[in-house]
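Me: I am a first-year student and still learning to read protein models. Please choose one spot in this one, look at it closely, and then show me how the regions around it are put together.

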Amino acid sequence: MSTLDQNPTAPRPASSASALGDPDVVPTYAPVPEGRARRRYAVVGTGHRAGMYVGAITGDHADVAELVAWCDTNPGRMSVYDAEAGEALGLGGPVGLPQYGPDDLERMIAEQRVDRVVVTTPDHSHAALVSRALRAGADVVVEKPLATTAEGCRTIVEAAEETGREVVMTFNYRYAPRNSSLRQVIQSGAIGTPTSVHFEWVLDTVHGADYFRRWHREKENSGTLLIHKASHHFDLVNWWLDDVPARVFASAGLQFYGAANAESRGMGERPARGTGSTGDPWCLDLTRDPRLKALYLDSEHHDGYLRDQDVFAPGITIADNMSLLVDYRSGVRMSYSLNAHSPWEGYTVYVNGTKGRAELTVVERGAVVVGKDGEVVLDASAIEQEAGTTSTRPEGQRLVVQRHWEQAEDWTIPAGIGGHGGGDAILLMDVFRGDLRTSEDPLQRAASYLDGVRAVAVGIAANQSLETGQPVIVNDLDLGIDLAQSHN
Ligand SMILES: NC(=O)c1ccc[n+]([C@@H]2O[C@H](COP(=O)([O-])OP(=O)(O)OC[C@H]3O[C@@H](n4cnc5c(N)ncnc54)[C@H](O)[C@@H]3O)[C@@H](O)[C@H]2O)c1
């Protein structure tokens, strides 16, 4: 079982796959005190993302964590995980953990004496599940985004404040060493006081398209990509600048995916789903990936969840091109854009300051190319080798710092460990053994629900701005907490 994967369609840059980390970004942890009981975990939402946590609990962190129950609406997916966990634990068969539906969350927590719940369900369900788990007596580890609406934020804040229980937000992008390095550059004062940020993220025609195949494509499920995806990016900016958003103006549209766009480009009749289609690079055939097949295709008779719908079908209620202007409390202003149908994937961030400028450029996948059979080839280097060519956009990362009156300099990005830009494995150490850390993290990467609210605040404000055509003051959103307050 992969412990590192984020999404099967996301790029997996080789530059992030180091096994040895740099001590600057890889913290140290004390050994587990003798005789200490393992924490009892239940996983709520046994889709693809849960794999990273289940892999960690049955692998590297099995000495501090124990799986005790599954909770999902789909018994098929829970059974797939039960079998995988049994294999990882060397049991020679399924573990046979009890399975619960979401209506029985409280009963599960009581019956199985759950200490911590991992919430990896679709975004819109986080608010209710997190707050219910807290009130039922468990701590929570929750995937981004914390919630998709202002009401959802308030629900979680109230439950967390009333119960005093812990909510761990898993912002894995913070842990990617290149992102940590930009924080170090800003913290060091090398570029002076930040004044403005220009941030562009492009998702390619494989990974970007994937948000238009299933639940994400409806605003009520994902809150749009400005919450589902960009909450990662807005968290990074909040954290890089140590600042909070104050005002947001947004403009966005569905200009590429969806039935109307396909029709206007004369694309003709489309298959309703990817599985079974051949020679169409927009199609995701679930039978080509045994894990996707087991989790989704083989489990769809339980609930009708189709993982591979056509990206040019009707019913999409989110945008694929988004532009924002965001003002921060300190006076920093940001222009941000997100595109979901780019021919390559990665991002560029430019931070201007009173003493100079920092520029982070990351290419996660340089190209999405199509093979002779008409299918997407995720590793373009194989085709390059065959054709004897090289890409002019190689996968890589570069952080350049230039101070006024000086030449530009490359800032060394330390090596991380694991996938997702070298961040997931370090994140998991913080999640599962944060209490054993032997030193403070100068990068302050561990995130709480306060950071979760700060991150979705921009997307919630942007969605409101899209509805009204007006800029939105973040303080007026009533998110249930003062964003400028410091962590407990
Ligand atoms: N940090 C990252 O990089 C990253 C990457 C991928 C996904 N995610 C997040 O992880 C979460 C899950 O994503 P995914 O791709 O695995 O989604 P998914 O749809 O593949 O899996 C979600 C699972 O939750 C179950 N479910 C739905 N409603 C439920 C409910 N009310 N109670 C219990 N279970 C329910 C579904 O049956 C499914 O098994 C999302 O919030 C997503 O934003 C984060």
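Reply: Let's begin with one idea that we will need throughout. Placing C-beta atoms from the backbone, we call a residue buried if 20 or more other C-beta atoms lie within 10 Å of its own, exposed if 12 or fewer do, and partly exposed in between. Please keep in mind that this is a predicted model: local features need pLDDT of at least 70, side-chain atom pairs count only at pLDDT 80 or more, and totals for chains, interfaces and linings use all residues. Numbering starts from 1 along each chain, following the sequence as it is written.

As a warm-up, try the idea on Asn 475. This residue counts as partly exposed because 17 other C-beta atoms lie within 10 Å. Asn 475 sits in the segment after β18 (472–473). The element names come from DSSP runs, numbered from the N terminus: helices are H or I runs of at least four residues, and strands are E runs of at least two. From Asn 475 to Ala 461 is 14 residues in sequence, and their C-alpha atoms are 9.6 Å apart in space.

Now for our chosen spot, Ile 227, which belongs to helix α9 (residues 225–228). Is Ile 227 buried or exposed? Ile 227 counts as buried, because it has 29 C-beta neighbours inside 10 Å. Apart from its neighbours within four places in sequence, Ile 227 is in contact with Asp 123, Pro 145, Thr 148, Ser 222, Val 456, Gly 459 and Ile 460. Being in contact here asks that the C-beta atoms of two residues, placed from the backbone, lie within 7 Å. For a longer reach, take Ala 37: it is 190 residues from Ile 227 along the chain, and 37 Å separate their C-alpha atoms.

One of those contacts, Pro 145, deserves a pause. Pro 145 is in the loop between β5 and α5, and the peptide bond leading to it from Lys 144 is cis, with omega near -10 degrees. In the loop between α8 (219–222) and α9 we find Thr 224. Its phi is near 80 degrees, a positive value in a residue other than glycine. Thr 224 is also buried, because it has 27 C-beta neighbours inside 10 Å. Arg 113 has a positive phi too, of about 45 degrees, and is not a glycine either. Arg 113 lies in the loop between α3 and β4, and is exposed because 11 other C-beta atoms lie within 10 Å.

Next, look at two helices that are mostly covered. In α4 (residues 126–135), seven of the ten residues are buried, including His 126, Leu 129 and Leu 134. The buried residues of α4 pack against several elements, among them β1 (39–44), β5 (139–142) and α5 (150–163). Just after α4 comes Gly 137, with a positive phi of about 105 degrees. In α15 (residues 424–433), ten of the ten residues are buried. Those residues pack against α1, β2 (65–71), β5 and β6.

Helix α1 also has a helix partner. Two packed helices are described by the angle between their axes and the distance between the axes. Helices α1 (residues 50–58) and α2 (residues 75–88) pack at about 30 degrees, with axes 9 Å apart. That makes α1 roughly parallel to α2. Axes are lines fitted to C-alpha atoms, for helices over the stretch in contact, and angles between N-to-C directions run from 0 to 180 degrees. Under 35 degrees counts as roughly parallel, over 145 as roughly antiparallel, 65 to 115 as roughly perpendicular and the rest as oblique.

Which residues of α1 meet α2? Ala 50, Val 54, Gly 55 and Thr 58 in α1 meet Tyr 81, Glu 84, Ala 85 and Ala 88 in α2. By class, this contact has five nonpolar, two polar and one charged residues. Here Ala, Val, Leu, Ile, Met, Phe, Trp, Tyr, Cys and Pro count as nonpolar, Asp, Glu, Lys and Arg as charged, and the others, Gly among them, as polar.

Finally, look at the ligand. Its shell divides into four nonpolar, 13 polar and six charged residues. Of the 23 residues around the ligand, Gly 45, Gly 47, Arg 49, Pro 102 and Glu 143 come nearest; being near means that a C-beta atom, placed from the backbone, lies within 6 Å of the molecule or strand in question.
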